[in-house]
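Student: Could you take me through one part of this model in detail? I would like to start from a single helix and follow its contacts outward.

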Amino acid sequence: MKRQIFTADHDAFRETVRTFLTREVTPHYEQWEKDGIVSRDAWRAAGAQGLLGLAVPEEYGGGGQPDFRYSVVLAEEFTRAGAAGLAVGLHNDIIGPYLTTLATEEQKRRWLPGFCSGEIITAIAMTEPGAGSDLQGIRTHAEDAGDHWILNGSKTFISNGILADLVIVVARTTPEGGAHGLSLLVVERGMAGFERGRNLDKIGQKAQDTAELFFHDVRVPKENLLGELNGAFIHLMTHLAQERMNIAVSGIAAAEHLLEITSRYVKEREAFGRPLSKLQHIRFEIAEMATECAVTRAFVDRCIADHTAGELDATHASMAKWWATELQKRVADRCLQLHGGYGYMAEYRVAKAFTDGRIQTIYGGTTEIMKEIIGRSLLD
């Protein structure tokens, strides 16, 4: 089915992204996976190509284009290239909105030009060893010390944790208030007491640096408070829909790409003297996955259109996130099975997609949390 959500400008941008991936990412990706981290040169190249800060106003060095569909194109093409390590979606669509909507004018001029050029790589630190989706469990805390905060605590599973020059830290700034006693503090590279732990060894997304972060009496200037004091809960809830849409977009794009490469494989691979594609079971498997992808694509594209128009609610973003990522997981498993022994070999795209994509139903809010959000909206 022909997609209806893109214009000629989006199509031209897609070609730009594909050219960038071919020149700046694909030739180096195997080495990045061995290193466990992406080169900073790739971030600067992405900035020079105009792929960072798409929605940031031009006066701060950004693209001045708030149209979410450009981010969709980026997510789809990076997914098809298997290039999750260069986390431009995290940078642009998850962290970017915090800086453009919550930062003061002084903060914008201090951080956004580097954000857009790739000189400043960003991360957001919410998850702790004992607190994931439940914000009330956050123990990292900051004490008011006059002209600065004294920040103590630790975070884990932080994407871009090793490379990040600027980390938005969710910290407790008042003992009372539960989840409503949290604030966003911006910690910058080089601040005394800010330390990085291990680059964590994951089963997938090997090129994506994911780290533990530690804060020991870090003096965070009052000028680095992002948004309202004790207002982090509302700030976080406001921007979660876009984060979940970004994950949903990559989920359905991954499923569609796996279906494409598996369809080619079963046409070429022979068993019992004929192509696998001539076996009824194989045809039924492909038919089922193609139908599931088509139905999911229609829903996700509708959500993209609604979000672009500023009309997407948290319930439908949660639906898109859990459904598209669970589909991605199912399709990856079935496509690996159809590849047989070759599917288990790391050199095959399907094997890499199987391990890289497994995190999709976990980060950004687990499938179970998505269902809880949906259920509450319908029944409470």
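Tutor: Happily; here is a close look at helix α6, its salt bridges and some other places along the chain. This is a predicted model, so local features need pLDDT of at least 70 and side-chain atom pairs count only at pLDDT 80 or more, while totals for chains, interfaces and linings use all residues. Residues are numbered from 1 along each chain as its sequence is written, and side-chain values use heavy atoms, with hydrogens and water left out.

Let's begin with the helix itself. Helices (H or I, at least four residues) and strands (E, at least two) are DSSP runs, numbered from the N terminus. Helix α6 covers residues 232-268, and its 37 residues should span 54 Å at 1.5 Å a residue; the expected span is 1.5 Å times one less than the number of residues. The end C-alpha atoms of α6 are 53 Å apart, which agrees. There is a bend of about 40° at Leu-240, taken as the angle between axes fitted to the seven residues ending there and the seven starting there. Helix α6 is also mostly covered, with 28 of its 37 residues buried. Here buried means under 20% relative accessible area, exposed means over 50%, and partly exposed is in between (1.4 Å probe, protein chains only).

From this helix, Glu-256 reaches Arg-297 in a salt bridge, with the closest N and O atoms 3.0 Å apart. Since Glu-256 lies in α6 and Arg-297 in helix α7 (residues 280-308), the pair ties together parts that are 41 residues apart in sequence. A salt bridge is a side-chain nitrogen of Lys or Arg within 4 Å of a carboxyl oxygen of Asp or Glu. The two partners are covered to differing degrees: Glu-256 is partly exposed, with a relative accessible area of 23%, whereas Arg-297 is buried at 8%. Both belong to a network of salt bridges that also links Arg-3, Arg-14, Glu-15, Arg-18, Glu-76, Glu-77 and Asp-301. The whole structure holds 32 salt bridges.

Two other pairs sit within a single helix. In helix α8, Lys-329 forms a salt bridge with Glu-326, the closest N and O atoms being 3.2 Å apart. These two are three residues apart, so about one helical turn separates them. Lys-329 is partly exposed at 28% relative accessible area, while Glu-326 counts as buried at 14%. In helix α2 (residues 40-48), Asp-41 and Arg-44 are likewise three residues apart, about one turn of the helix, and their side chains meet in a salt bridge at 2.6 Å, N to O. Asp-41 is partly exposed at 49% relative accessibility, as is Arg-44 at 31%.

Helix α2 falls in a stretch with a record behind it. An unreviewed UniProt entry annotates residues 7-119 as "domain: Acyl-CoA dehydrogenase/oxidase N-terminal"; such annotations may be inferred rather than shown by experiment. The span is 69% helix and 0% strand, and its end C-alpha atoms lie 31 Å apart.

Finally, α8 (314-339) leads into a loop that holds Met-345, with α9 (349-356) on the other side. Met-345 counts as partly exposed, at 38% relative accessibility.
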